[in-house]
Amino acid sequence: MTTVAPPRQQADEKLQMTYEEFLDRFGEDDHTEWVRGEVIRFMSVNPIHQQIVDFLNALLRLFIESRNAGWVMSGPAQTRLPNSGREPDLFFVSQGNSGQLKEKFFEGVPDLVVEVISDDSVSRDRVDKFDEYEEAGVREYWIIDPRPKRRRADFYQLGADGKYRPVPTGDNGIYRSMVLKDFWLNVNWLWQDPLPKVMQALSEIEKK
């Protein structure tokens, strides 16, 4: 007797769709991104990941607001790039940026994107998004990996040739931003348990 395979479920077939269909079907609680017509699903983040995102979000927000330099948003806020709709962990948009904040997404290229790595996002953050952000012209990209035994932070700045170049931290672990004038980050803060108080970290930044 011949066995007939069951038809594919419609949900699987609909993973290919336009960006407009993606916006209509998926919400901020679905943990999805849109890349070249395909819907990408990903896992929820762990507490350490979220603590670091919250710390950086608060620190950047206070610094940016004190200088009226622009604004910063955290996921699940989405940015619409030329070939994708991504939900960066954090992204900064400067005052002079020509992008537009729409009802459901930011349409344009952020000046700075921060991704914090989880177990399921290593290739996505280090390869897929790296290439997409570089191609789109995101001027600065931070990749933070807080996983045990892998703690590292990589910083990239866009060169005149449109390619990312790695920017090492100093011997003291300090990274100085290109797009945020006078902002620096001590990467050792990210591995502390508990994380530093935001106002304490901001005070140290303001002193230098």
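A residue lines a cavity if it has an atom within 4 Å of a point of that cavity, a cavity being a set of grid points where a 1.4 Å probe fits but cannot get out. The exercises below apply to a predicted model.

**Exercise 1. The largest cavity**

Task: Establish how many cavities of 30 Å³ or more the structure holds, and describe the lining of the largest cavity.

Solution:
1. The search of the whole structure yields one cavity of 30 Å³ or more.
2. The volume of the largest cavity is about 50 Å³.
3. Its lining consists of R36, L81, P82, N83, S84, E132, E135 and A136.
4. By class, this lining comprises three nonpolar, two polar and three charged residues.
5. Helix α4 (residues 122–136) makes the greatest contribution to the lining, namely three residues.

**Exercise 2. Classifying two tyrosine pairs**

Task: Determine which geometry describes the rings of Y133 and Y141, and which describes those of Y156 and Y164.

Solution:
1. Across the whole structure, 19 aromatic pairs are found.
2. The ring centres of Y133 and Y141 lie 5.0 Å apart with the planes at 80 degrees, so this pair is edge-to-face; the cut-off for that class is over 60 degrees.
3. Both Y133 and Y141 are buried.
4. For Y156 and Y164 the centres are 6.3 Å apart and the planes at 50 degrees, and the pair is therefore tilted.
5. Y156 counts as buried because its relative accessibility is 15%, and the limit for burial is under 20%.
6. Y164, with a relative accessible area of 9%, is likewise buried.

**Exercise 3. An aromatic cluster and a charge**

Task: Identify the residues that form one aromatic cluster with Y19, and state which residue places its charged end over the ring of Y19.

Solution:
1. The cluster is formed by Y19, F22, F26, W34 and F105.
2. R80 has its charged end over the Y19 ring, at 4.3 Å from the ring centre.

**Exercise 4. The surroundings of F63**

Task: Decide whether F63 is buried or exposed, and find which residues it contacts beyond its neighbours within four places in sequence.

Solution:
1. F63 is located in helix α3 (residues 47–67).
2. Its relative accessible area is 1%, so F63 is buried.
3. With neighbours within four places set aside, the contacts of F63 are L180, K181, D182, F183, L202 and I205.
4. For one of these contacts, F183, the separation from F63 is 120 residues in sequence, while the C-alpha to C-alpha distance is 7.8 Å.

Key: Residues numbered from 1 in each chain as written. Predicted model: local features only at pLDDT ≥ 70, side-chain atom pairs only at ≥ 80, totals over all residues. Heavy atoms only, no water. Phe/Tyr/Trp six-rings, centres within 6.5 Å; stacked < 30°, edge-to-face > 60°. Buried < 20%, exposed > 50% of the residue type's maximum accessible area, 1.4 Å probe, protein only. Lys NZ or Arg CZ within 6 Å of the ring centre and 35° of its normal. Helix = DSSP H or I, 4+ residues; strand = E, 2+ residues; numbered from the N terminus. Contact = heavy atoms within 4.5 Å. 1 Å grid on protein atoms, 1.4 Å probe; cavity = no way out; pocket = protein on both sides within 12 Å on 5 of 7 lines; lining within 4 Å. Points joined across faces, edges and corners; volume = space filled by probe spheres on them. Nonpolar A, V, L, I, M, F, W, Y, C, P; charged D, E, K, R; others polar.
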